Amino acid sequence: MHKTSMDLNMATLTQCAPEILQAQSVVEAVLALGSNYQAEKYLPIARESLAALGEIRLSTAFQNPDFTATLEQPKPDYTNQCVHLVLNTPMSLQQLQQTFKTLEGNCNRHRQVEPNQVRRVTMDIDILMIKLATIENSLSKGLTSKSISDWIVMANRYPFKAHEIVGIEELTTFTD
Ligand SMILES: Nc1ncnc2c1ncn2[C@@H]1O[C@H](COP(=O)(O)OP(=O)(O)OP(=O)(O)O)[C@@H](O)[C@H]1O
Ligand SMILES: Nc1nc2c(c(=O)[nH]1)N=C(CO)CN2
């Protein structure tokens with residue numbers, strides 16, 4: 001059995017606000033998919049669209065209670081799945097966010113809801129962590145082993161939710 005790792009070292013994780021990363025070139029991302037409406041239909045559509053952008057690896061999809069549900073306001077369960085995406089073509093974080101918004105739209109997601117109405121989320125794609133392209137300069141060219149940029153955690157998604165941690169851990173180490 002061979003163990004491979006996604007190269008995630010919790011000790012070296014850097015947190016960063018997405019606003020200041022908008023123009024940065026992203027090469028890899030860990031995503032959290034969530035659906036509380038017809039997940040069996042929309043998760044495969046989202047996975048297929050993501051696979052067209054690059055190489056993907058998937059965590060197990062789990063059904064979880066909505067973490068915003070209360071006894072007074074019950075809400076439908078979510079099905080969640082994490083995805084490790086290595087992009088075929090690097091793109092800016094801004095482009096990536098726009099791309100995922102379009103994919104959510106392709107999954108028939110509508111954002112307008114009546115007040116107090118429980119949201120039907122056909123597909124939510126959240127970026128949990130990204131890896132940036134390393135810029136080769138005269139200093140890095142001289143290095144024998146090129147340093148690979150570490151994972152950057154989206155500060156607005158941190159701390160991760162329990163279901164996200166399960167997915168990330170599954171993607172971090174896997175056997176083949
Ligand atoms: N880490 C991130 N992942 C995905 N989108 C992000 C992230 N950080 C900022 N954004 C921006 O936030 C917006 C997400 O809007 P969206 O309507 O999906 O929010 P929401 O679904 O209501 O929030 P949540 O996903 O927290 O429930 C997008 O415009 C996107 O550009
Ligand atoms: N279990 C779970 N609960 C949620 C989720 C989600 O993805 N999973 N997403 C929400 C809004 O985006 C609200 N609540």
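**Figure 1. The annotated domain, residues 30-132, in the predicted model.** An unreviewed UniProt entry assigns the feature "domain: 7,8-dihydro-6-hydroxymethylpterin-pyrophosphokinase" to residues 30-132. In this predicted model, helix makes up 26% and strand 37% of the chain over residues 30-132. The C-alpha atoms at the two ends of residues 30-132 are 12 Å apart.

**Figure 2. Surroundings of ligand 1.** Ligand 1 has around it Pro18, Gln97, Lys101, Arg111, Asp124, Asp126, Ile127, Met154, Asn156 and Arg157. Two elements, helix 2 (93-106) and strand 7 (124-132), each give two or more residues to this shell. The largest contribution comes from strand 7, with three residues. Sorted by class, the shell around ligand 1 consists of five charged, three nonpolar and two polar residues.

**Figure 3. Surroundings of ligand 2.** The shell around ligand 2 is made of Gly34, Asn64, Asp66, Phe67, Thr68, Tyr78, Asn80, Asp124 and His163. Five of the residues in the shell around ligand 2 are polar, two are charged and two are nonpolar. Asp124 is listed around ligand 2 and also around ligand 1.

**Figure 4. Strand 7 and its pairing with strands 3 and 8.** Strand 7 is mostly covered, with seven of its nine residues buried. Strand 7 pairs with strand 3 (residues 25-35) in the antiparallel sense, over eight bridges. In this pairing leucine 31 stands opposite isoleucine 127 of strand 7, and Ile127 is also one of the residues around ligand 1. Strand 7 and strand 8 (residues 152-154) are antiparallel as well, joined by two bridges. Here isoleucine 130 faces isoleucine 152 of strand 8 as its opposite residue. In a regular strand, side chains point alternately to one face of the sheet and the other.

**Figure 5. Strand 6 and its pairing with strands 3, 4 and 5.** Strand 6 (residues 78-92) is antiparallel to strand 3, and 10 bridges connect the two. Valine 26 has methionine 91 in strand 6 as its bridge partner. Strand 4 (residues 54-58) runs antiparallel to strand 6, with five bridges between them; glycine 54 is opposite leucine 87 of strand 6. Strand 5 (residues 62-64) is also antiparallel to strand 6 and is joined to it by three bridges. Asparagine 64 is paired by a bridge with tyrosine 78 of strand 6. Asn64 and Tyr78 are both among the residues that surround ligand 2.

**Figure 6. The two sides of helix 2.** Helix 2 has 14 residues, which should span 20 Å at 1.5 Å a residue; its end C-alpha atoms are 20 Å apart, so the two values agree. The buried residues of helix 2 are Leu93, Leu96, Phe100, Leu103 and Glu104. Viewed down the axis of helix 2, these buried residues fall within an arc of 100° and therefore line one face of the helix. Gln98 and Thr102 are exposed on the other side of helix 2. Gln97 and Lys101 belong to the residues around ligand 1.

**Figure 7. The loop between helix 2 and strand 7.** This loop holds cysteine 107 and asparagine 108. Cysteine 107 counts as buried because 22 other C-beta atoms lie within 10 Å. The C-alpha atom of cysteine 107 is separated by 18 Å from that of glutamine 95, 12 residues apart along the chain. Asparagine 108, although not a glycine, has a positive phi of about 70°. With 14 other C-beta atoms within 10 Å, asparagine 108 is partly exposed.

**Figure 8. Glutamine 38 in the loop between strand 3 and helix 1 (39-51).** Glutamine 38 has phi near 50°, a positive value in a residue other than glycine. Glutamine 38 counts as partly exposed because it has 15 C-beta neighbours inside 10 Å.

**Figure 9. A cis peptide bond and helix 4 (162-172).** Tyrosine 158 and proline 159 are joined by a cis peptide bond, with omega about 0°. Proline 159 is placed in the loop between strand 8 and helix 4. In helix 4, His163, Glu164, Gly167 and Ile168 are buried. Seen down the axis of helix 4, the buried residues fall within an arc of 135°, so they line one face of the helix. Ala162 and Glu169 are exposed on the other side of helix 4. His163 is also one of the residues around ligand 2.

Note on methods:
Residues numbered from 1 in each chain as written. Chains lettered and ligands numbered in written order. Predicted model: local features only at pLDDT ≥ 70, side-chain atom pairs only at ≥ 80, totals over all residues. Near = placed C-beta within 6 Å. Nonpolar A, V, L, I, M, F, W, Y, C, P; charged D, E, K, R; others polar. Helix = DSSP H or I, 4+ residues; strand = E, 2+ residues; numbered from the N terminus. UniProt positions renumbered as here; feature names shortened; annotations may be inferred. Buried ≥ 20, exposed ≤ 12 C-beta atoms within 10 Å, placed from the backbone. Pairing = 2+ DSSP bridges. Expected span 1.5 Å × (residues − 1). Arc of directions from axis to C-beta.
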